[in-house]
Amino acid sequence: MDEAMTTERIKFYQTGTFTAGNRLLDEATRTVQSRLDRTNSLNSGHRACQGCGEALGARYALDAAMRASHNQLIAVNATGCLEVFSSPYPESAWQIPWMHSLFGNAPAVASGIAAALRAKRRDDVTVIAQGGDGATVDIGFGCLSGMFERNDDVLYLCYDNEAYMNTGIQRSGATPPFARTNTTQAVGEHPGNPIGNGKNVPRIALAHGIPYVATASVADLHDLERKVTKAIGVRGARYIHVHVPCPLGWGSDPAHTMKVARLAVESGLFPLFEAEFGKIICSTPIRRKVPVERYLELQTRFKHLFGPPQDTEALAAIQAMADDNIAVYGLME
Amino acid sequence: MRMQIEGSQAVADAIALCQPEVIAAYPISPQTHIVERLSRKTKQGHIGRCQFLNVESEFAALSVLIGASASGARTYTATSSQGLLFMAEAVYNAAGLGLPIVMTIANRAIGAPINIWNDHSDSMALRDAEWIQLFAEDNQDAVDLHIQAFRLAESLSCPVMVCMDGYVLTHAYEPVDVPDAVQVNAYLPPYDPVQVLDPERPVSIGAMVGPEAFTEVKYFSHQQHLRALEVMPELVEAFEQHFQRRSGGLCSAYRMEDADIAVIAMGSVIGTIKDAVDELRNTGVRVGCVKIGCYRPFPKFQVSALLEKTTRVIVVEKDLAVGMGGIVSADVQSALQGRQISVHTVIAGLGGRSISTSSLKHMILEARAERLTEPYFLDLNKTVIEQELARRRDIRRAGPVAEHMLQTMNVIGTKVS
């Protein structure tokens, strides 16, 4: 045999994805999604768009939560895409006890469920609240902060697709700089969303000193499931912020949802980290850094940055954000 | 046990006896004394394993109860005024979801101008939010209505507001018979929800309903409310059997047997109206009083029946539909459709202005003499308004109306008499 052949390293991931194939893993380390007995908490047949990152993110997270909680789960949903596409009576796609009340009150409704369970001595049931970025960082933010501050026994999942998609792509407090939405259009002197606006809710959650905060990406299934499973094992207020591309709102190919989400992580624009009681305890390293353009060019919401003429200043500003994340969260160490 | 006690404290004791499992509250005057006492009783373990949540807003308070009620817990909160408006979205939502939450409204005016005193503007603003609305005449009534409210709410799966006049009742000390646990337990069965979030039997609660069935869902709700008109008298009978006193009810009459004139009102002003009726009766005026105890659902037929022999109705209401006039009087007029009865609207007691027996008597006699303007504002200071209107004609940047009116009236500091 040739010398070179014998030293070839076996890759435990698909080319270019770093995703370890389940077939190559032992039974215990395979994902919940790969298991035949996954609960399909959000079942098929719902009305989400092709390539919807939120639909996948919700099913990944909730199936992992169901497994970790021994199927003892109650979920609250804020108004938004997830609520609308999953639930119209009599075609609910939910296989778990599920409640929708309003746009801005999901954390408080969940606090109420947790309180009722405590009054009834049911400490075996986990309460999850979930919403999009609009429900979480904007309209429901007061209730979210209240739930955190009281350390209510609720796991809150934010599926962040960076704008109000259900109402037709309007800007939210989680919309990134320069992104085009229908209320931050690509016209005028500084096209798209102004730089310097917006808020970082994972950091704000962390500042509440709650037991567990994490960010996750729909493109990293192992990492997402691990974080949800870990959160289920913790009592008190917990927060996981999941990055989920929206092909419709971002102007990306529905077939590229995973690719786009992965590039957000690999560019450093969406850092993956975990925090306990207000302190960051670890971050998920970037294995092959990519320039932000690779992420941005797949989305028409950033088309105006590529010109002609190319907006080199804006692209440099976005790259600086990514580099700053890499430094702050130690993503290349 | 009969005792001299503040209205809020008595109501808190009654709530505690009803053994709610989740209470969520946000401070706003004048309801705070109720939830303060409940927080103490909860902490002392007097309300079983009840959870008391100090939340960040009234919107959150009711939202917490929405979740708790859907989990099968008996729930309670109290609010007033701006607080009720701040939770308005959740008020409609709780009713739409059919959750039997009980909430005290310590009635208070709505700003601007900010005003903490009593009128009925707050609960009136939410009168069509699918909640049953009961109005207490005095603090005994307030205590008893709360106990009835839980049974009513839970039997119909429909939320109930118990409205009691802020300060006038909430902060008044008067003799009240606060029942004991044995009596309340015998009257109020445990909460048996019609829908519950349960991992063993998953349901979706609060999903979307389109035009295919929305009308039917709302009609069902309307029918449930109308059923309350049948259920409530039964609850009153049962209450009387258990507690040996008559409380609550849809509406009731005072000295109406041969009355030409009926004064209709809700809440604590009923006591003052009864005094005015007694004094006028002594001078030969055939006047009586009708109390509306249940405003939503509105007991149209029951009110109409009490006005059988009446030719003139005066509705005294502590609210104002600006640009229109009366709110309660519009409902009364609707109840009297097709009958030859004059209905007068009297706006009184806004923002805590006291309603005196002498003003009421004068107003009733003016109505009898056909001299009331419509709507009639009791004790309105017309000079101040004329001066302000003149000033507005002369000066474009006239500044805040309210401040100038108080200057005109030479009022320094607020006097509530």
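**Figure 1. Tyr167(B) sits in a loop between two strands of chain B.** This close-up of the predicted model shows the stretch that links strand 7 (160-165) to strand 8 (173-177) in chain B, and Tyr167(B) is part of that loop. Have a look at the backbone here: phi of Tyr167(B) is near 65 degrees, so to speak on the positive side, in a residue other than glycine. Is Tyr167(B) buried or exposed? Tyr167(B) counts as buried, because 20 other C-beta atoms lie within 10 Å, and 20 is the number at which a residue is called buried.

**Figure 2. Asp379(B) is another non-glycine residue with a positive phi.** Its phi is about 60 degrees. Asp379(B) belongs to the loop that runs from strand 16 (376-377) to helix 14 (382-394) of chain B. With 14 other C-beta atoms within 10 Å, Asp379(B) is partly exposed.

**Figure 3. Cis peptide bonds precede Pro90(A) and Pro297(B).** In chain A, the bond between Tyr89(A) and Pro90(A) is cis, with omega about 0 degrees. Pro90(A) is placed in the loop that connects helix 3 (81-86) with strand 2 (98-100) of chain A. Over in chain B, Arg296(B) and Pro297(B) are joined by a cis bond with omega about -5 degrees. Here the proline lies in the loop between strand 13 (294-296) and helix 11 (300-306) of chain B.

**Figure 4. The largest nonpolar core takes in 231 residues.** Which residues have the most contacts inside this core? They are Ile113(A), Val22(B), Val64(B), Val162(B) and Val263(B). Helix 4 (residues 106-119) of chain A supplies the largest share of the core, ten residues. Domain 1 (2-243) and domain 2 (251-377) of chain B both contribute residues, so the core lies between them. Zoom in on Val162(B) and you'll find a crowd: leaving aside residues up to four places away in sequence, Val162(B) touches Val102(B), Thr104(B), Leu134(B), Ala136(B), Ala142(B), Leu145(B), His146(B) and Ala149(B).

**Figure 5. Chain A meets chain B through 38 residues of chain A and 37 residues of chain B.** On the chain B side, the elements that give two or more residues are strand 2 (22-25), strand 3 (51-54), helix 3 (58-70), helix 5 (88-96) and strand 9 (204-205). Helix 3 of chain B gives the largest share of that side, nine residues. Sorted by class, the chain B side has 22 nonpolar, ten polar and five charged residues.

**Figure 6. An open sheet of nine strands includes a strand from chain B.** The order is 8(A)-7(A)-5(A)-6(A)-4(A)-3(A)-1(A)-2(A)-9(B), and the pairing is mixed. Strand 8 (279-283) of chain A and strand 9 of chain B stand at the edges with a single partner strand each, so one side of each has no neighbour in the sheet. At the chain crossing, strand 2 of chain A and strand 9 of chain B run parallel and are joined by two bridges. There, Met99(A) stands opposite Ile205(B). Now for the edge in chain A: four bridges join strand 7 (residues 273-276) to strand 8, and these strands run antiparallel. Glu274(A) faces Cys282(A) of strand 8 in this pair.

**Figure 7. The two domains of chain B touch each other.** Chain B splits into domain 1 (2-243) and domain 2 (251-377), and their C-alpha centres are 27 Å apart. The contact involves 26 residues of domain 1 and 21 residues of domain 2. On the domain 1 side, helix 6 (121-125), strand 6 (132-135), strand 7 and helix 9 (214-243) of chain B each supply at least two residues. Helix 9 gives the most, with five residues. That side of domain 1 is made up of 15 nonpolar, six polar and five charged residues.

**Figure 8. Helix 4 and helix 6 (residues 141-149) of chain A pack against each other.** Their axes come within 7 Å and cross at roughly 35 degrees. Helix 4 makes the contact with Pro107(A), Ala108(A), Ala110(A) and Ser111(A), while helix 6 brings Cys143(A), Leu144(A), Gly146(A) and Met147(A). By class, this contact has six nonpolar residues, two polar and no charged.

Conventions. Residues numbered from 1 in each chain as written. Chains lettered and ligands numbered in written order. Predicted model: local features only at pLDDT ≥ 70, side-chain atom pairs only at ≥ 80, totals over all residues. Buried ≥ 20, exposed ≤ 12 C-beta atoms within 10 Å, placed from the backbone. Core = buried A, V, L, I, M, F, W, Y, C linked by C-beta atoms within 7 Å. Domains from an automatic or database assignment. Contact = placed C-beta atoms within 7 Å. Nonpolar A, V, L, I, M, F, W, Y, C, P; charged D, E, K, R; others polar. Pairing = 2+ DSSP bridges. Axes fitted to C-alpha atoms, helices over the stretch in contact; angles between N-to-C directions.
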